Amino acid sequence: MTVRDTTRSSETLAWWKRAVVYQVYPRSFADSNGDGMGDLGGITAHLDHLSWLGVDAVWLSPIYPSPAVDLGYDITDYCDIDPLFGDLKSFDEFVAEAHRNDIRVILDWVPNHTSDQHPWFIESRSSIDSAKRDWYIWRDSSKDREPNNWGSAFGGSAWTWDERTEQWYLHLFYAEQPDLNWANPSVREAMSDVLRFWLDRGVDGLRADVVHLIGKSAELVDMPESLKLEGFRWTGSLAGVWNEPAAYPYLEEIRKVVDSYPDRVMVGEINLLDVKKLVPYSQHQRLQMVFNFSLLYASWDPRAWALLIREAEDAFIEPDLWPTWVLSNHDNPRLVNRYGDEAHARVAALVLMTLRGTPFIYQGDELGLRDGDTPVHNADPTGRLGCRAPMPWDSSEFHGWDSDPWLPWPPVPDGHNATALLEDPNSILHLYRRVLTFRRNSPALLGQWNELLLDDDVLAYERTSQGESVVVLANFSEHRVEVPEGMKGMAVLLATDLALETKNLVDLPPVCALVIHRPS
Ligand SMILES: [Ca+2]
């Protein structure tokens, strides 16, 4: 058996290795000017919620000027703030206030594509001889035949014919989101300048949207049909199955920019479900972290979870690699919807935040929100709006907003809002806070992860560091499970149900998770 030297003291760990990152979807978080749309002032005004909760960093989905064809992931200016959300002054105020609350700030960065209204693309599209023509991916082919068989993540072809210049341009997402040509050094320099602009302004890190897609071979060969059958949600599109080493040298350039500032981080969104394929995007001085989505798409099965966690442990074991864990974000149904009820979501949350690595949580998870019943939206062909339903802050008519927000509320906003849950010590909100507090004070949770085998219905593991051990037991099943004699009577340090805490372990009630102290 290999001894895993993954133990680190908290002093030697970079802040982002100790952090729990909370994703804010700005449109739906909090509104400061009564227009029904969340904004920077709203986030600043609610930093006390995040500070009370105990998160270490916030990641903001895009706040840049955008025609909002893809709700902000289509950018017309990387170095400004959309008036919807405020301006650079309100951004600076937000960063300063977050830092005063010991909360770091991570901004979304969308390197793969711009808006078709970005001045770069307008110039590129203007003429085949434009100085920026090669900033995007233009190809010759006849008008009735796309240059290759690639599909857009949002459906249809990934190519659009430009009548004026009689060439095709590539867009792996909407036609209004043309792909930048990262093979062009001028594009890479311009995007490095964008990073410097925000790093100079004091942001602590960036989250790079679909960053694996920036690597494209010059040949742009057809996709093999077999790849289109992998189990990713965007079946038939490229975004889920791309794996192109052409991205690696670009990532090394990006990392150099980030490393020229002290203590900054870059986390990459890479939609590859095989965790082994994520490794090259992070090793060799590429991105410090990459999202691991494997548990997000896993079924509710403790054996499946154990296997996926073990795979990530094995893949991310080298000292220059660091695991991440994601169960939710702005693109996927809520935990409570996916797993059936809040009890299951509580178990998932406790597991997420007691694994080795950096967990990412999504706004409203701490309220146990369900997806909103949102109308079909032309900016949402893949059904992602439900989880973007606005945050209900209290039980008043508009739940802490000044008027009806841009999307319908999630179900039961009278009960599932921040103020109501604050009053109930056994609420999911208090559970998130307890887990975050426990995590911050537990050296064992910085250490090794070792699977324990107890019962087919239980995900069990030990976390060990500096001679301290805790054991996490998560009963995925609907029935009570016995625990081994040797564990009975051990102190329960943390549990999904407050009634189990500070007692000694007897057995595992249905659908519960708990952490016990293992004496050395
Ligand atoms: Ca607003």
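This briefing covers a sheet, one of its strands, a helix and a loop residue. The model is predicted. Its open sheet has 8 strands with parallel pairing. Strand S2 (residues 57–60) is buried on both faces. Helix H9 (residues 302–315) has its buried residues on the same side.

**The open sheet**

- The strand order is S9-S8-S7-S3-S2-S1-S11-S10.
- Strand S9 (289–290) and strand S10 (324–326) are the edge strands. Each of these two pairs on one side only.
- In this order, S2 sits between S3 and S1.

**Strand S2 and its neighbours**

- Strand S1 (residues 21–24) runs parallel to S2, and 4 bridges join them.
- Val21 has Ala57 of S2 as its bridge partner. Gln23 stands opposite Trp59, also in S2.
- On the other pairing, S2 and strand S3 (residues 104–109) are parallel too, over 4 bridges.
- Val58 has Val105 of S3 as its bridge partner.
- Between S2 and S3 the chain passes through helix H4 (residues 88–100). This β-α-β crossover is right-handed.

**The two faces of S2**

- In a regular strand, side chains alternate between the two faces of the sheet.
- Ala57 and Trp59 lie on one side of S2, and Val58 and Leu60 lie on the other.
- All four of these residues are buried, so both faces of the strand are covered. Buried here means 20 or more other C-beta atoms within 10 Å.

**Helix H9**

- H9 has 14 residues, which should span 20 Å at 1.5 Å a residue. The end C-alpha atoms are 20 Å apart, so the expected span and the model agree.
- Pro302, Trp305, Ile309, Ala312 and Glu313 are buried in H9. They cover an arc of only 100 degrees around the axis, so they lie on the same side of the helix.
- An α-helix has 3.6 residues a turn, so residues three or four places apart point the same way.
- What do the buried residues of H9 pack against? Their partners are helix H8 (275–278), strand S12 (448–452), strand S13 (458–465) and strand S14 (468–475).

**A loop residue: Val506**

- Val506 lies in the loop between strand S16 (492–495) and strand S17 (507–508).
- Is Val506 buried or partly exposed? Val506 is partly exposed, because 14 other C-beta atoms lie within 10 Å.
- Gly489 is 17 residues from Val506 in sequence. In space, their C-alpha atoms are 6.3 Å apart.

Terms used: Residues numbered from 1 in each chain as written. Predicted model: local features only at pLDDT ≥ 70, side-chain atom pairs only at ≥ 80, totals over all residues. Expected span 1.5 Å × (residues − 1). Buried ≥ 20, exposed ≤ 12 C-beta atoms within 10 Å, placed from the backbone. Arc of directions from axis to C-beta. Contact = placed C-beta atoms within 7 Å. Pairing = 2+ DSSP bridges. Right-handed = clockwise from strand over helix to strand, strands pointing away.
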